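Hi everyone, thanks for coming. Could you bring up the sequence and the structure, so that we can look at them together?

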There are 2 protein chains.
Amino acid sequence: MTVCWIDGAPADALPVKDRGLAYGDGLFETLLVKAGQPLLFERHLQRLALGGRRLALNLDLALIERECRTFAVQMSEGVMKLIVTRGDGVRGYAPAVDAQPRRILQSSPLPLYPQENAEQGVRLFPCKTRLAEQPLLAGLKHLNRLEQVIARSEWSDAEHAEGLMRDTSGRVVEGVYSNLFMVKGGVLLTPDLTRCGVAGVMRGELLTLAEQANMPARALDLHVSDLQKADEVFVCNSIYGIWPVRACEQLNWPVGPVTRKLQNLVRGLLDI
Amino acid sequence: MTVCWIDGAPADALPVKDRGLAYGDGLFETLLVKAGQPLLFERHLQRLALGGRRLALNLDLALIERECRTFAVQMSEGVMKLIVTRGDGVRGYAPAVDAQPRRILQSSPLPLYPQENAEQGVRLFPCKTRLAEQPLLAGLKHLNRLEQVIARSEWSDAEHAEGLMRDTSGRVVEGVYSNLFMVKGGVLLTPDLTRCGVAGVMRGELLTLAEQANMPARALDLHVSDLQKADEVFVCNSIYGIWPVRACEQLNWPVGPVTRKLQNLVRGLLDI
């Protein structure tokens, strides 16, 4: 059953004058909840705080944290979606200086992804939709997501579990709802996200885990030619963890040892 | 007094699961209403229809037109804002094939812009915020408007009535809530909007008026160097009509004859 709170109280309707609707003026986080706990919660809160600073949202992070923890206890298990908007507005783009952000929490059941996604790996759909380059918004999980909506509507078959997105300059950036990694010569590589893309919580966690395991890792500009030469490729997010990528169009990759090693580490975090 | 309808009935709140909130998955139009009539209504509907096709929204345009006309009669005078979203969604970017778009109509009073904006002209604030280049969304008045929110928060003084926005490659594109024109050697020039920007209803109307008046007009890539050499500069939208631009930073322009001629034509359209 889906539960929803607005500003800490059960509700399922939002004032029409909310700027989240008018302009996508807000942020969101999608968190995995197990045993009444939001997982990787500190990282989600850190990204939210960064977004709040970049968009000059007056967020009460302590209140948000408390509310999320209480909500997670009540839902016990599933996916918790947190939306924060700039709150109500009047006509026009200028945000009111005293705008009161609105907090929206929604629960949904754990998604039922096929077990073979994590075991045998997935095939990526090569999206034609490109990501525009906007450094001011890059990395944030904001509410302006039309590019993802358009990209995700490019395929509907079950054969492709995710899509591969490039930016308008042709660089490989991410999946539609995942981050991308590749392994080359034992080095973990992931696209730089300073021009576009969402800096995923699982991506951040994997870079930290790699550092702790003395595994060299770098975020840098990557192209399809790098994918062609990669030894291993995988996608990740904070809900499903890691899926090896076995194919994208005519390219194929084996499920390799680095991917399996990181999958095992991540299972320890998510399968509590 | 503000009035709001959702799907044709008075309401002021919408379901939290609306994809307009979740992803900015929708479009809007802002129309001037005088004597119970939405002005330049055909052009607004045409842009909405184009956006609906580009986003694959299943819009009932005849119903939207009827509803807007009825709403305009009731409000009599003011600004009518129409939002259409993809409607309710479940978790995930993929739009349901049978998604039922939601229609939201809101009225607000006529804005009180200083009379001298139209008479003596305005000063533009030079926005640092650049527009990302995304041909898939260019021209549309969609709900992903964080760039405008950020740009509009760059200034709060009353000295600047509008901002000048460039794209990430440096081309001059538009105002934050207006389109931009310049006049050079008797030719009307306006930025090409195939990479970014909103193809304003008043911009379209002015290009048609120019054609009817045998005034040469072109949409093309323009740079700050073109602004420097311009004989006249003005901004426009479908609410206030035309404001001459007299300055932007150290640049200055006179209020010229082409601007005055077009202002007179537009007054005939808007001051009914």
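I'll walk through the two chains, then two groups of strands, one helix and a couple of backbone details.

One thing to keep in mind from the start: this is a predicted model.

Let's begin with the chains. How is chain A related to chain B? A turn of 180° with a shift of 0.0 Å along the axis lays chain A on chain B, and the RMSD is 0.0 Å. The two copies are therefore related as by a two-fold rotation axis. Both copies use the same surface, too: of the contact residues of chain A, 100% recur in chain B.

Now please turn to chain B and its open sheet. Here 6 strands line up in the order S2-S1-S7-S6-S4-S5, with antiparallel pairing. Which strands stand at the edges? They are S2, residues 9-10, and S5, residues 37-38, of chain B. Each has a single partner strand, so one side of each has no neighbour in the sheet.

For S5(B), we can look at the pairing with S4(B), which covers residues 26-34: the two strands run antiparallel and share 2 bridges. At this end of the sheet, B:Lys34 sits opposite B:Gln37 in S5(B). There is also a helix packed on the sheet, namely H3 of chain B, residues 61-75. Helix H3(B) touches S1, S4, S5, S6 and S7 of chain B, and its direction makes about 20° with that of S7(B).

Next, still in chain B, find strand S15, residues 241-248. Is S15(B) mostly covered or mostly open? Mostly covered: 7 of its 8 residues are buried.

Let's go through the partners of S15(B) one by one.

With S8(B), residues 122-131, S15(B) runs parallel, and 3 bridges join the two. B:Leu124 is opposite B:Cys248 of S15(B) there.

With S14(B), residues 232-237, the sense is antiparallel, over 4 bridges. B:Val235 has B:Trp243 of S15(B) as its bridge partner, and a hairpin of 3 residues leads from S14(B) to S15(B).

With S16(B), residues 251-252, the strands again run antiparallel, joined by 2 bridges. B:Ala247 is bridged to B:Asn252 in S16(B).

That last hairpin has a nice detail. It has 2 residues between its strands, and one residue in the hairpin, B:Glu249, takes a positive phi near 55°. B:Glu249 is a residue other than glycine, and you'll find it in the loop between S15 and S16 of chain B.

Where else should you look for a positive phi? Try B:Asn214, which is not a glycine and has a phi of about 55°. This residue lies in the loop between helix H6 (201-212) and strand S13 (217-220) of chain B. B:Asn214 is exposed, with a relative accessible area of 70%.

To finish, let's move over to chain A and helix H8, residues 257-270. H8(A) has 14 residues and reaches 20 Å from first C-alpha to last, close to the 20 Å expected at 1.5 Å a residue. Its buried residues are A:Val258, A:Thr259, A:Leu262, A:Gln263, A:Val266 and A:Leu270. Why do they line one face of the helix? Looking down the axis of H8(A), they fall within an arc of 130°, so they end up on one face. In general, an α-helix has 3.6 residues a turn, so residues three or four places apart point the same way. On the face of H8(A) turned away from the buried side, you'll see the exposed residues A:Pro257, A:Asn264 and A:Gly268.

Thanks for listening!

Methods. Residues are numbered from 1 along each chain as its sequence is written. Chains are lettered from A and ligands numbered from 1 in the order in which they are written. This is a predicted model: local features need pLDDT of at least 70, side-chain atom pairs count only at pLDDT 80 or more; totals for chains, interfaces and linings use all residues. Side-chain values use heavy atoms; hydrogens and water are left out. The expected span of a helix is 1.5 Å times one less than its number of residues. Buried means under 20% relative accessible area, exposed over 50%, partly exposed in between (1.4 Å probe, protein chains only). The arc is that of the directions from the helix axis to the C-beta atoms. Two strands pair if DSSP finds at least two bridges between them. Contact means heavy atoms within 4.5 Å. Axes are lines fitted to C-alpha atoms, for helices over the stretch in contact, and angles run from 0 to 180 degrees between N-to-C directions. Copies are superposed by least squares on the C-alpha atoms of residues with pLDDT of at least 70 in both.
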